[in-house]
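The following report describes the helices, the core and the backbone of a single chain, and it is best read with the model in view.

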Amino acid sequence: MNEEPVARPMEHPDAETIRRFACVAATRDENRIIVRHLLRGCPECAIELTRSWLSPLTVDPCAYDKALDRCLPLLGNILLKQ
Ligand SMILES: [Zn+2]
């Protein structure tokens, strides 16, 4: 009973989701999916992510606002506890 495990094809997040991840505009669930996928070692998506980071045309101009909207309440809570 020494059967080789059957390799299942890896499902990749779509390029648009990777672009949103790179621009800090992905949803929390999308972030989890992409991080989990990248931790599995997918070189294709790692390359796609690198392209998204290196290409200034793919940066969502609202990305900073979205990131700050997420971080400011957390920062406020931290500062209020001190
Ligand atoms: Zn992939």
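Which residues does Ile18 touch, not counting residues up to four places away in sequence? In this predicted model, Ile18 touches Pro13, Ile34, Cys45, Glu48, Leu49 and Ser52 when residues up to four places away in sequence are left out.

Ile18 also belongs to the largest nonpolar core, a set of 6 residues that is completed by Phe21, Ala22, Ala26, Ile34 and Cys45. Helix α1, which covers residues 15–22, gives the most to this core, with 3 residues. Of the 82 residues of the chain, 13% count as buried.

**Overall arrangement**

The chain has 4 helices and 0 strands, and its elements run α-α-α-α from the N terminus on. Among the contacts with a separation of 6 or more, 64% are accounted for by residues 24 or more positions apart. A pair of residues 32 apart along the chain, Met10 and Cys42, has its C-alpha atoms separated by 8.3 Å. Met10 lies in the segment before α1, and it is exposed, because 11 other C-beta atoms lie within 10 Å and exposure is assigned at 12 or fewer.

**The packing of α1 and α2**

Helix α1 packs with helix α2 (residues 28–39) at an angle of about 105°, and their axes are 10 Å apart. The two helices, α1 and α2, are therefore roughly perpendicular to each other, since angles from 65 to 115 degrees are placed in that class. On the α1 side the residues that meet α2 are Thr17, Ile18, Arg20 and Phe21, and on the α2 side they are Glu30, Asn31 and Ile34. Ile18, Phe21 and Ile34, which take part in this meeting of helices, are also among the members of the core.

**Two helices compared with the expected span**

The table sets out the span of α2 and of α4.

| Helix | Residues | Expected span | End-to-end C-alpha distance |
|---|---|---|---|
| α2 | 12 residues | 16 Å | 16 Å |
| α4 | 19 residues | 27 Å | 28 Å |

For α4 (residues 63–81), the distance between the end C-alpha atoms agrees with the span that 1.5 Å a residue should give, and for α2 the reach is likewise close to the expected value. Of the 12 residues of α2, the number buried is 1, so α2 lies largely in the open; of the 19 residues of α4, the number buried is 0, so α4 also lies largely in the open. Helix α4 has a kink of about 30° at Cys71, shortly before the proline Pro73.

**Backbone angles around α2**

Where does Val24 lie, in relation to α1 and α2? Val24 is found in the loop between these two helices, and its phi is near 55°, a positive value in a residue other than glycine. Most residues other than glycine have a negative phi. Val24 counts as partly exposed, because 18 C-beta neighbours are found inside 10 Å, whereas a buried residue would need 20 or more. Just after α2, Gly41 takes a positive phi of about 90°.

Terms used. Residues are numbered from 1 along each chain as its sequence is written. This is a predicted model: local features need pLDDT of at least 70, side-chain atom pairs count only at pLDDT 80 or more; totals for chains, interfaces and linings use all residues. A nonpolar core is a set of buried Ala, Val, Leu, Ile, Met, Phe, Trp, Tyr and Cys residues joined through C-beta atoms within 7 Å. Two residues are in contact if their C-beta atoms, placed from the backbone, lie within 7 Å. The expected span of a helix is 1.5 Å times one less than its number of residues. The bend at a residue is the angle between axes fitted to the seven residues ending there and the seven starting there. Axes are lines fitted to C-alpha atoms, for helices over the stretch in contact, and angles run from 0 to 180 degrees between N-to-C directions. Angles under 35 degrees count as roughly parallel, over 145 as roughly antiparallel, 65 to 115 as roughly perpendicular and the rest as oblique.
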